[in-house]
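Let's take a quick walk through a few local features of this model. Have a look at the structure first, and then we'll go through some strands and helices.

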Amino acid sequence: MPFFQMEKIKNMIKIFSFLLVVFIVVGCVAQKTENAQTAEQAQMQQGISDKSAVVPGDRQISAVSVELQDQIIEIRIQGNQKLVYTSIKQSFPFGIAIYLPETVIADSFKTTLPENESIGDLIVTYADEEKTTVKVEILLKEDLNYEVTENNNTLKLVLSGGMEKDESLVSEENIIIPDKTATMTHIEFNTMEDGKSDIVVQTNHPVKYDITQAGNDKLYLNLYNTIIPDYHRRPFLTQYFKSAVESLMPIQVPGEKKNSKIEIKIREQVPYRIVRNQNIISIFFEPSMVEPPVFTKATKKVISGSQTQTVEAVKEGTDLSEEPEVSVAEKQTMEELIFGPKKKYTGEKIKLDFYETDIKNVFRILRSVGKRNFAIDNNVEGKVTLTLENPVPWDQVLDLVLKMNNLGMEKEGDVTRIATLDTLTKEENILQEVTAARKKSLEQKKSLEPLDTKYLSINYSDAETEIKPHIDQILTKDRGNVTVDKRTNTIVITDTQPKIDQAKKIIDELDQVIPQIMIEARIVEVTKEFSRELGIGLSLSDSSTSGSTVRSMDFTMALDESVGAALNTGSVNFSRIVGADLLNLKAKIAASETKGDVKVVSSPSILIMDNEEANITQGVQWPYTLLDDKGNTVVNFLDIDLQLKVTPHVSPDKRILMDIFVTKKEIDTITGGIPSLLNTSAMTKLLVNNNDTIVIAGIIKTTERKEKYGTPLLSDIPVLGRLFRTDTNFDRRNELLIFITPSIVQLDQKKNAFTIAD
């Protein structure tokens, strides 16, 4: 082949190769343009205005870095494009969480955390099992303020405003806790205008303590080996202050260990910190976003005819011609009466920044925050644009998102189902229709059931007054009937079989054996009596005989004088002590002493039904005479007795509740043959265990009497006056004791023998 032909072929091959390359390049460019247009059209259909966004799943984060500056910490989250985020601040423990929806972690992801005193750890992971949402969790050692700013493909998180440490406070490690019981000496609550508050607890020496959380609204400051005095165990009602603290209550923990605690009820979860300075423990709370309740005006009801009007209570002199204004609190009360009480949100507070975000991704983030199980219907669609600068409870955000998109939710066990309002309304209507149809079907079925008649015997109750009213409530309307045969105490019921079976259950429950109570009483009356008489009597008389020259002397001594001497007295008589002719001096020494001790015991007993009154009476009838209208003498009798009335009741736990009344009558004086009575009574109500003995009354009567008999003037002479007077002492004591021992007597329960009519 000639050389020039070879060159020509080579040139043609080069030209063909060049054209082939150009064709391939043009085709690739056209394909890329078509793909770009398709992606842009998809973005426009979804309503995303950010032209830099790409198909979900392409957004990535490649690094998280921490930079320390003076009093400021910067955390940078680097992405391959603009990041969509949601920030959440948690108060216990301190921390900040950043959620990045439709974002993944790059394979070359890096994170750096230099040593510092504010950040404890930095965790980057996925918030869901599908790995579609990235969670950046920053664990803090102290409460810090934060601010998130966007700069192209970077999120910058600035932490600042940490609590400055007070160097004057003593370190926990240097505090020595004595091994002895402490006493709380002081507790106080303080508030500031900005809503911050603090609680100060002081003890007489340092103690061991910790703080625990009970639910979302309570904290407990536990003080170990500490006693709270009685005068400090009172509530602190702080709900009307602008503070996160609603109330305080010091509590002494029962048991052998002398521990105590301070119950702190909070309005919402806010950041707080605890500081100890030797024996003083202080808790500082951040402000609460929940407003305190307001004082409501006093109101009174004015009844005029059949209308009742509520007006405000006003002072005297106020012009009532003007219509009173309705306060905000009254308006809220009216709204609650119409629409029900307002919902209280208790979820964790979060900050949000959504722009045209798919609603299902929003629910995914809320599910991760609230730890709830969501089931979302297929027809739930929509976009969410929501920016919240201040933290808001996540459950309140959920309600807002539902209202903004005409959605509703219903809880089925641990699952929260989210659907459109139309779907839920249709389901509710269908359910009501099915329920109404089923109810109508049951009523028709009942109306066609055959009637039957049963005779139900009642053993222990009154069929007419105690059983029949309960059976009347269950009878089939316009078909059932019930009567009572009083002679045999039998219920006669005519109704369907299910109603008859229900009546049998009522009778089995109500027709029970009533327990009986044996009341054993012991009545003890003790009488002690003591009397003493001591004295000397002198008499002077002339025993001489005129014309007699013989004088006789006699000496007489008698231990038991026959006249005027009691059986237990002794007397000595002396005649002519001075031996005078004209005078006869007589002397008498009298001494007596009486002692008595009487004990009367009676033991009556009585058996009584539950809730019935037992009456025990013991005594005599005192006769006395009166003149009737015609002047005839009539004998009447007066009861002089001791009466005991007891009404027992057996409680379900087999204890006995008793109403007790005791009265004792005795004769006080007798005037004209008619006695006057002295009445003593006691009334009580008490609860005792079975077979326990109690003393229900102790009546003590004491009588003391001192008398003197003697010669006027002479008996008042000191020392010598004893020769001219007689002293009498009388002492009497009566004591009445009543002992009661109740015991339960329970008979066996026998089932009713129901008879079926043929």
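Strands β35 and β36 pair in the antiparallel sense, with nine bridges between them. One residue pair to look up here is lysine 645, whose bridge partner in β36 is phenylalanine 661. Keep in mind that this is a predicted model.

Both strands belong to an open sheet of four, running in the order β34-β35-β36-β37 with antiparallel pairing. At the edges sit β34 and β37, each pairing on one side only. Ignoring direction, neighbouring strands in this sheet are turned by 15° against each other on average.

Here are the strands with their residue ranges:

| Strand | Residues |
|---|---|
| β34 | 614-627 |
| β35 | 633-650 |
| β36 | 655-671 |
| β37 | 674-689 |

Now for the helices. Which residues of helix α4 are buried? In this helix, residues 394-404, they are Trp394, Asp395, Val397, Leu398, Asp399, Val401 and Leu402. Their cover includes helix α3 (359-370) along with strands β22 (349-358), β23 (373-376), β24 (383-393), β25 (407-412) and β26 (415-420). Just past the end of α4, asparagine 406 adopts a positive phi of about 55°.

Further along, α6 (residues 463-472) packs against α7 (residues 497-510) at an angle of about 145°, and the two axes are 10 Å apart. Their crossing is right-handed. On the α6 side, Glu466, Ile467, His470 and Ile471 make the contact, meeting Ala503, Ile506, Ile507 and Leu510 of α7. By type, the residues of this contact come out as six nonpolar, one polar and one charged.

Technical notes. Residues numbered from 1 in each chain as written. Predicted model: local features only at pLDDT ≥ 70, side-chain atom pairs only at ≥ 80, totals over all residues. Heavy atoms only, no water. Axes fitted to C-alpha atoms, helices over the stretch in contact; angles between N-to-C directions. Helix = DSSP H or I, 4+ residues; strand = E, 2+ residues; numbered from the N terminus. Left-handed = near helix turned anticlockwise from the far one by under 90°. Contact = heavy atoms within 4.5 Å. Nonpolar A, V, L, I, M, F, W, Y, C, P; charged D, E, K, R; others polar. Pairing = 2+ DSSP bridges. Buried < 20%, exposed > 50% of the residue type's maximum accessible area, 1.4 Å probe, protein only.
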